[in-house]
Amino acid sequence: MKKTLIELKTIHKSFGKIDILRGINFIAAAGKTTAITGNSGEGKTTLLSIMGLLQKQTSGSILIDGKDVADTDIAELSKIRAARFGYLFQAPRLVGSLTVLENTLVCAALAGKNNMQKKAVALLTSLGMSNHLDYKPEQLSIGQMRRVALVRALIMEPDILLADEPTNDLDPALSQIVTSSLFKAGENGSAVVIVTHDRFLAAKTDCEYNLADGFLQLVR
Ligand SMILES: Nc1ncnc2c1ncn2[C@@H]1O[C@H](COP(=O)(O)OP(=O)(O)OP(=O)(O)O)[C@@H](O)[C@H]1O
Ligand SMILES: [Mg+2]
């Protein structure tokens, strides 16, 4: 059995009167890759951000290593986020005043790791970004920003890697490279949860769910 890293129990999320998530149960286990598909607006990004402790659920609980995070204070929560999670957001969200290389090191620095430069350069190079290390985000294409955000997420070898539409805005060759980086993280023991419309990517995961009408349904 693969070790459960994070468990969601009956998660509900409402925005005003609208119930977006209506009772989500989900487990992410070490070394397992999971795809979550679903139509636009069904709540995939919302679910991923709740799973990533970035947004609060309306009700239901989240367990990390079997422990409910409900009573965890803000400082401890940010520690958990920095130490355990890697995030690849739907919009790349880079820090505008920092260079490409600096952006990839931000989260590592927050987690107290300051010796990641070599690794960052190697990862950026593998994604075709070696000539852009000193660029600022505003000088990049969206696809290039995504690659920088990917390196930022991968560099810490996070226990839980959450990726929201990771292959959007990428050409087929780069999609392939990004896809294989995500699966490599899974092989190295990360629990990898990928929200995607990309059939090729979804089909390669260990299991796939579809989010519709506020519920997750196992596809395979
Ligand atoms: N902060 C918020 N306040 C109010 N409504 C919100 C908020 N965040 C999300 N929503 C609503 O929740 C629903 C789900 O949004 P979400 O971004 O999770 O969808 P999604 O499945 O990721 O869609 P897409 O495939 O287009 O990215 C949408 O109807 C959206 O308007
Ligand atoms: Mg989304």
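Mentor: Two strands pair if DSSP finds at least two bridges between them. Keep that rule in hand. The model is predicted.

Trainee: Why are β1 and β2 called paired strands, and in which sense do they run?

Mentor: Strand β1 (residues 4-15) and strand β2 (residues 18-29) share 9 bridges. The rule asks for at least two, so β1 and β2 pair. Their sense is antiparallel. One bridge sets S14 opposite D19 in β2.

Trainee: What do β1 and β2 form together, and what marks G16?

Mentor: They form a hairpin with 2 residues between the strands. G16 sits in the turn and has a positive phi of about 60°.

Trainee: How do you know that β4 and β5 pair? How many bridges join them?

Mentor: There are 2 bridges between strand β4 (residues 59-64) and β5. At least two are required, so β4 and β5 qualify. They run antiparallel. I64 has K67 in β5 as its bridge partner.

Trainee: In what order do the strands lie in the sheet? What makes a strand an edge strand here?

Mentor: The order is β2-β1-β4-β5, in an open sheet of 4 strands with antiparallel pairing. An edge strand pairs on one side only, as do β2 and β5 (67-68).

Trainee: Now helix α1. Why is S49 called buried?

Mentor: S49 lies in α1 (residues 44-51). Its relative accessibility is 15%. Buried means under 20%, so S49 counts as buried.

Trainee: What makes the link from S49 to T46 a polar contact?

Mentor: The S49 side chain comes to 3.1 Å from the backbone oxygen of T46. The cut-off is within 3.5 Å, so the distance fits. Leaving aside neighbours within four places in sequence, S49 also contacts L54 and Q55.

Trainee: And I50: buried or exposed?

Mentor: Buried. I50, also in α1, has 0% relative accessibility, so it falls under the 20% limit. Beyond neighbours within four places in sequence, its contacts are I11, K13, L21, Q55, K56, Q57 and I62.

Trainee: Which residues come nearest to ligand 1? What makes K44 a polar contact of ligand 1?

Mentor: S40, G41, K44, T45 and T46 come nearest, out of 13 residues around ligand 1. A polar side-chain atom of K44 is 2.7 Å from a ligand 1 oxygen. That is within 3.5 Å, so the pair counts. A polar backbone atom of G43 lies 2.9 Å from an oxygen of ligand 1. For E42, a backbone N or O atom is 3.3 Å from a ligand oxygen. The protein buries 57% of the 640 Å² that ligand 1 exposes when taken alone. Helix α1 gives the largest share of the shell, 3 residues.

Trainee: Why is the largest group of nonpolar residues called a core?

Mentor: Its members are buried nonpolar residues joined through side-chain atoms within 4.5 Å, so the name applies. This core holds 33 residues. L124, L140, V148, L150, L161 and L182 touch the most other members. Elements that each supply at least two residues include α3 (100-110), α4 (117-126) and α6 (172-187). α5 gives the largest share, 7 residues. Nonpolar side chains tend to be buried together in soluble globular proteins.

Trainee: What does L150 contact, leaving aside neighbours within four places in sequence?

Mentor: L88, L127, V178, S181 and L182. Another core lies apart from this one, with 32 residues, including I11, L48, M51 and Y87.

Note on methods:
Residues numbered from 1 in each chain as written. Chains lettered and ligands numbered in written order. Predicted model: local features only at pLDDT ≥ 70, side-chain atom pairs only at ≥ 80, totals over all residues. Heavy atoms only, no water. Buried < 20%, exposed > 50% of the residue type's maximum accessible area, 1.4 Å probe, protein only. Contact = heavy atoms within 4.5 Å. Polar contact = N/O pair within 3.5 Å; in protein donor to acceptor, adjacent residues only side chain to side chain. Near = heavy atom within 4 Å. Areas by Shrake-Rupley, 256 points an atom, 1.4 Å probe, with all protein chains shown as cover.
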